[in-house]
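Dear colleague,

I am passing on the structure we spoke about, with the sequence and the coordinates together below. My notes on what turned up in it follow directly after.

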Amino acid sequence: MYEKTFPNKRFKHTLEFLQKHIATSETIFDLGVPNPFSKIMIENGYTVKNTTGEDLDNNQTALQNEEYSVFTAFEIFEHLLNPYTILQNVTSDKLVISIPLRLWFSPAYRSKTDMWDRHYHEFEDWQLDWLLEKTGWKIIAREKFTHPVKKIGFRPLLRFFTPRYYFVYAEKIK
């Protein structure tokens, strides 16, 4: 997945946001298979469980059967057809989600070789906020940041100023 580039800046921001809101004593259920960021969370003292590669649009059993105090989904929701159902099946009272934001100057991402590596949703921040609100979550903290690329051109210039990633920490409304 990261053969040519490793997202050091994104991972650094993600870890800082997580550490600001989630104690290492909490058990994290991370949506998606084990990945480089799962390893970073573990190296920084978190207990992390991951899903096993099941089609989460059709099967939310893992969300209901695992024991966890925090749900995380880092760069996953944009790949799902049905994130609403996922959020309804989360059993913890806390969640941390990050998504790449829709960029008006760039088309939706679609890998031509990997059918799982496609963005069905290209979210704007208000869309994720609304999704969380509709599924019973209250946003406690949010953050956006840019992600410039080392290329020359009009779109790379826009990436210096346009936020690319959006993080949310939310708690379940009781």
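Glu75 counts as buried because its relative accessibility is 11%, which lies under the 20% cut-off for that class. Glu75 sits in the loop between S3 and H4, and its phi is positive, at about 60 degrees, although Glu75 is not a glycine. Please keep in mind that this is a predicted model, and that the values in this message are computed from it.

As for the overall layout, the chain has six helices and six strands, and along the sequence they follow the pattern α-β-α-β-α-β-α-β-α-β-α-β. Of the 174 residues in the chain, 47% are buried. The chain exposes about 10000 Å², of which carbon and sulfur atoms supply 53%. If one takes the contacts between residues at least 6 apart in sequence, 64% of them join residues at least 24 apart.

Helix H1 covers residues 8-21, and its 14 residues reach 20 Å from the first C-alpha to the last, close to the 20 Å expected at 1.5 Å a residue. Which residues of H1 are buried? They are Arg10, Phe11, His13, Thr14, Leu15, Phe17 and Leu18, and the elements that cover them include S1, H2, S3, S4, S5 and S6.

Turning to the strands, S1 (residues 27-30) pairs with S2 in the parallel sense over four bridges, and S1 also pairs with S3 in the parallel sense, over three bridges. Asp30 has a bridge partner in S2, namely Asn50, and a bridge partner in S3, namely Thr72. Ile28, for its part, has Val48 as its bridge partner in S2. Along S2 (residues 47-50) the side chains alternate, with Val48 and Asn50 pointing to one face and being buried, while Thr47 and Lys49 point to the other face and are not buried. Such alternation between the two faces of the sheet is what a regular strand shows in general. Between S1 and S2 the chain passes through helix H2 (residues 36-43), and this β-α-β crossover is right-handed.

The loop between S1 and H2 holds Val33. Is Val33 buried, exposed or partly exposed? Val33 is partly exposed, because its relative accessible area is 41%, a value between the 20% and 50% cut-offs. Leaving aside its neighbours within four places in sequence, Val33 is in contact with Ser38, Asn50, Thr51, Thr52 and Gly53. The C-alpha atoms of Val33 and Lys49, which are 16 residues apart along the chain, are separated by 9.0 Å.

Next, the nonpolar interior. The largest nonpolar core has 27 residues, and those with the most contacts inside it are Leu31, Phe71, Phe77, Ile97, Leu128 and Leu132. At least two residues of this core come from each of helix H3 (61-65), strand S3 (70-74), helix H4 (83-88), strand S4 (94-100), helix H5 (125-134), strand S5 (137-145) and strand S6 (165-172). There is also a second, separate core of 19 residues, which includes Phe17, Leu18, Val48 and Phe74. Ile97, named above for the largest core, is in contact with Ala73, Phe77, Leu87, Leu128, Leu132, Tyr166, Phe167 and Val168 once neighbours within four places in sequence are left aside.

Two further residues, Asp129 and Ile139, can be taken together, since each appears among the contacts of the other. Asp129 is found in helix H5 and is buried, because its relative accessible area is 17%. Leaving aside neighbours within four places in sequence, Asp129 is in contact with Ile139, Arg142, Tyr166 and Val168. Ile139 is found in strand S5 and is likewise buried, because its relative accessible area is 18%. Not counting residues up to four places away in sequence, Ile139 touches Asp129, Leu132, Val168, Tyr169 and Ala170. For Ile139 and Tyr169, which are 30 residues apart along the chain, the C-alpha atoms are separated by 6.0 Å.

With best regards

Notes
Residues numbered from 1 in each chain as written. Predicted model: local features only at pLDDT ≥ 70, side-chain atom pairs only at ≥ 80, totals over all residues. Heavy atoms only, no water. Buried < 20%, exposed > 50% of the residue type's maximum accessible area, 1.4 Å probe, protein only. Pairing = 2+ DSSP bridges. Right-handed = clockwise from strand over helix to strand, strands pointing away. Contact = heavy atoms within 4.5 Å. Core = buried A, V, L, I, M, F, W, Y, C linked by side-chain atoms within 4.5 Å. Areas by Shrake-Rupley, 256 points an atom, 1.4 Å probe, with all protein chains shown as cover. Expected span 1.5 Å × (residues − 1).
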